[in-house]
Amino acid sequence: SLTTNSLIGWRTQRKGAWFPYEWDEVPLEVKTTSAIGSNDEIVFDVSNSYGGNQEFAKVVVRLSPDYPTYSVENCKRVTPMLNLPPAPDDLRIWTFIKQGYDGLSIKCNEKLVAELLFAESNFSNCLDSKWVTTKVKYIKFDSARDTTVGIKIKGMLVLQLK
């Protein structure tokens, strides 16, 4: 369960700005306080280089009225998430785990709610995309759409200490 101690080490992240993050090495943890049905979203682009139009994909989680969904550009259409756990006060910690070149999974409050294996994608271009050949080194939260309220510093510190 989430406690005050589990919220230590969080910070806000400026939206619309690339920041270094080695997602292949450290799961991305973000915090939301949005209600299911709000249509609020977690939206971030990923890249292997800094700046410009270097993003190669976008990941989206939407708290839709009927059921929360996720999508992964080039590999997964909008798909319902499974077994979303209850969230007192709508506080949710989302963990996005990139499993190397094999896939990615999403946890909400420590419970697995989505899993994607790139080899099982219905998108013909998924296995030709950078998801299966390129490490993520930068992330950018969408300035117009993203409603996250915090990012876990852990991943930022690991990158800075290398």
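## Exercises on a predicted fold

R92 is buried, with a relative accessible area of 4% (buried means under 20%, exposed over 50% and partly exposed in between, using a 1.4 Å probe and protein chains only). Keep R92 in mind; we'll come back to it in Exercise 1. This is a predicted model, where local features need pLDDT of at least 70 and side-chain atom pairs count only at pLDDT 80 or more, while totals for chains, interfaces and linings use all residues. Residues are numbered from 1 along each chain as its sequence is written, and side-chain values use heavy atoms, with hydrogens and water left out.

**Exercise 1. Which residues does A35 touch, leaving aside its neighbours within four places in sequence?**

Step 1: Find A35 in the loop between β3 and β4 (strands are DSSP E runs of at least two residues, helices H or I runs of at least four, numbered from the N terminus). A35 is partly exposed, at 31% relative accessibility.

Step 2: Look for contacts, meaning heavy atoms within 4.5 Å. You'll get L63, D90 and R92.

Step 3: Check how far R92 is. The C-alpha atoms of A35 and R92 are 9.5 Å apart, though 57 residues separate them in sequence.

Step 4: Two of those partners also pair up, as R92 and D90 form a salt bridge with N and O atoms 3.6 Å apart at their closest (a side-chain nitrogen of Lys or Arg within 4 Å of a carboxyl oxygen of Asp or Glu). D90 is partly exposed, at 25%.

**Exercise 2. Which parts of the chain does the salt bridge between K15 and D146 tie together?**

Step 1: Count the salt bridges in the structure, and you'll reach eight.

Step 2: Pick K15 and D146, whose closest N and O atoms are 2.9 Å apart. K15 belongs to the loop between β1 and β2 and D146 to the loop between β11 and β12 (150–152), so the bridge connects parts 131 residues apart in sequence.

Step 3: Compare burial. K15 is partly exposed at 26%, whereas D146 is buried at 7%.

Step 4: Try another one: D24 and K98 meet at 2.8 Å, N to O. D24 sits in the loop between β2 and β3 and K98 in strand β8, 74 residues away. D24 is buried at 16%, and K98 is buried at 4%.

**Exercise 3. Why is the ring pair of W23 and W131 called edge-to-face?**

Step 1: Search the whole structure for aromatic pairs; there are eight (rings of Phe, Tyr and Trp, its six-membered ring, with centres within 6.5 Å; planes under 30 degrees apart are stacked, over 60 edge-to-face, the rest tilted).

Step 2: Warm up with F19 and Y21. Their centres are 6.3 Å apart and their planes at 85 degrees, so that pair is edge-to-face. F19 and Y21 are both buried.

Step 3: Now W23 and W131: the centres lie 6.1 Å apart and the planes meet at 70 degrees, so this pair is edge-to-face.

Step 4: Place the two tryptophans. W23 is in the loop between β2 (19–20) and β3 (28–32) and W131 in the loop between β10 (111–117) and β11 (138–141), so the pair ties together parts 108 residues apart.

Step 5: Zoom out. One aromatic cluster includes F19, Y21, W23 and W131.
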